[in-house]
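Thanks for coming. I'll take you through one model this morning, region by region. Have a look at it first.

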Amino acid sequence: MSITLVSNSYLDENSAKIRTKPVPWEGYQRAGLITPEELQLIQKVDRQTRSKIEALHAADGKTYALLYLRLLKKLQRIDTQSCILVLIADALTDHEERIPLFTTASQTDPELPYGPLLRILESQDDFVQLKVTQILTVLLSSEKSPLQPQQLQPFLNTLSQFVVNSSSNKRDVAVQCLEAVLPRPECRKAVWANASLVGGLVDILKHNASPQMSYQVGFCLWLLTFEQEVSERIQKRFDIIPLLVDVAQGAAKEKVIRVIVATFRNLVSKAPSANLPAMLVAQLLPFAKNLSGRKWTDEDVVEDIQYLRDELANRFESLTTYDEYRSELLSGHLSWSPVHESDLFWKENATKLNDKDYELLKILIRLLKESNDSTVLAVASHDLGQYVKHYERGKKVLTELGGKTRVMELMSHANPDVRYQALISVQRLVSQPWAAV
């Protein structure tokens, strides 16, 4: 692993400028902030040629690793911190074997290497913040033993701020950092526990990300879904399946489709009941059939597509009409599919909305209260009207669960279809007699 794992043009350009800027090392020594020995060592690498610095790092790497970390611990000026961070990054670039020189610094000083690095994560200077994040990514992802919360949490909190930042550099660096640390199980668990971080990744995909960024975010989601809990809950929490289908359908790059298909495979293999309903509603089966007819350069994607197609087809073939309706309802993405307007369907299935303590009826009411989608509101209002029409105690149940009040509110909704469906349902609510308890 190398520092180039997290690359960014803003960091590269500013690092080049910082290498030529003077730092008042002698002044620090006169003020007693650094020792004469430290001054002597740092002057040997200060604004020297790359080859001369590289020779010193090669000959006395451990001494310089400790020097940089100790100086970072003691000195607070932004320009000085920037210089030290560039020296550390240069020492690590293309030299994986030097990483332990930094990670084992704790044997000399328990606060090293992470104490000073994590402290300056809070810097108000963009370059310092991004550069230390780049360095921490290399060190943390290379640790031999599981990372401790005190090392990981400040780092992830910073990334969660980066992914929602208006700065494209911060978003870019954050996603690259996550790609590097998510292969570690403890990092996957910690990232999943940080809802704003996962939400930030999902939000990037919602805003027409570039093909490269779509691939990188998809790669992060793929890694996350190796965790059982993530596969079980990510669809319910973030509604990512229809989003990923949209991204894959619009993708021109094979690698974007490949990583999304691999993510779907994880979701199906680890938590089929939590994800297959939403996949069927999002029309993933016809899309998978379409993908299987294309030519691919990667054999793994061919296997993943076939797996998805087979699993979805088997599930689809075994579905009854009610199973389809239930899948649609659980996904939260209601549309005017034929089942809603079938009088026969409602005659046969209206009472099934009462099963499991009114599970599906409560979902319909929740969608009415929480959704901002006019189609969802119109369909849900219609379905509640059908429920009341075909179940004699429906009016009483719906009133007790708070559905009647919400449907009445929707009669003044801005969308005409929502108003119409709400009006029809309210008419049924007020015209049907209460059934005896």
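**Helix 3 and what follows**

Right after helix 3 comes arginine 47, with a positive phi near 55°. Helices here are DSSP runs of H or I with at least four residues, and strands are runs of E with at least two, all numbered from the N terminus. A word on the source: this is a predicted model, where local features need pLDDT of at least 70, side-chain atom pairs count only at pLDDT 80 or more, and totals for chains, interfaces and linings use all residues. Residues are numbered from 1 along each chain as its sequence is written, and side-chain values use heavy atoms, with hydrogens and water left out.

Back to arginine 47. Its side chain meets that of aspartate 46 in a salt bridge, 3.7 Å from N to O. By salt bridge I mean a side-chain nitrogen of Lys or Arg within 4 Å of a carboxyl oxygen of Asp or Glu. Aspartate 46 counts as buried because its relative accessibility is 12%. Arginine 47 has a relative accessible area of 46%, so it is partly exposed. The cut-offs: buried is under 20% relative accessible area, exposed is over 50%, and partly exposed is in between, with a 1.4 Å probe and protein chains only.

Now helix 3 itself, residues 36-45. Which of its residues are buried? They are Glu38, Leu39, Ile42 and Val45. They sit on the same side of helix 3, because they cover an arc of only 130° around the axis. That arc is taken from the directions from the helix axis to the C-beta atoms. The face turned away from the buried side carries the exposed residues Glu37 and Gln40. What covers the buried residues? The cover includes helix 2 (25-30), helix 4 (50-74) and helix 5 (78-92).

**A salt-bridge network**

The structure holds 23 salt bridges. One of them joins lysine 73 and glutamate 111, with the closest N and O atoms 3.2 Å apart. This pair links distant parts of the chain: lysine 73 is in helix 4, glutamate 111 is in the loop between helix 6 and helix 7, and they are 38 residues apart. Glutamate 111 also forms a salt bridge with arginine 119, at 2.2 Å from N to O. Add Asp109, and you have a network of salt bridges linking Lys73, Asp109, Glu111 and Arg119.

Buried or exposed? Lysine 73 is partly exposed, because its relative accessible area is 27%. Glutamate 111 is partly exposed at 30%. Arginine 119 is partly exposed at 42%.

Stay in that loop. Leucine 112 and proline 113 are joined by a cis peptide bond, with omega about 0°. Proline 113 lies between helix 6 (99-103) and helix 7.

**Around glutamine 129**

Serine 123 is in the loop between helix 7 (114-119) and helix 8 (126-142). It is buried, because its relative accessibility is 11%. Leaving aside neighbours within four places in sequence, serine 123 is in contact with Ile78, Val128 and Gln129. Contact means heavy atoms within 4.5 Å.

Threonine 158 is in helix 9, residues 149-163. It counts as buried, at 6% relative accessibility. Not counting residues up to four places away in sequence, threonine 158 touches Leu121, Gln129 and Thr133.

**Cysteines**

How many disulfides does the structure hold? Zero. The test is a pair of cysteine sulfur atoms within 2.5 Å. Why does cysteine 177 not bond? Its closest cysteine sulfur, in cysteine 220, is 9.8 Å away, too far for a bond. For cysteine 187 the closest cysteine sulfur is that of cysteine 177, at 11 Å, also too far for a bond. Cysteine 177 is buried, at 0% relative accessibility. Cysteine 187 is buried, at 0% as well.

**Backbone oddities**

Most residues other than glycine have a negative phi, and most peptide bonds are trans. Glutamine 283 has a positive phi, near 60°. It is in the loop between helix 17 (272-281) and helix 18 (284-292). With a relative accessible area of 46%, glutamine 283 is partly exposed.

Aspartate 357 also has a positive phi, near 60°. Its place is in helix 22, residues 355-370. Aspartate 357 is exposed, because its relative accessible area is 54%.
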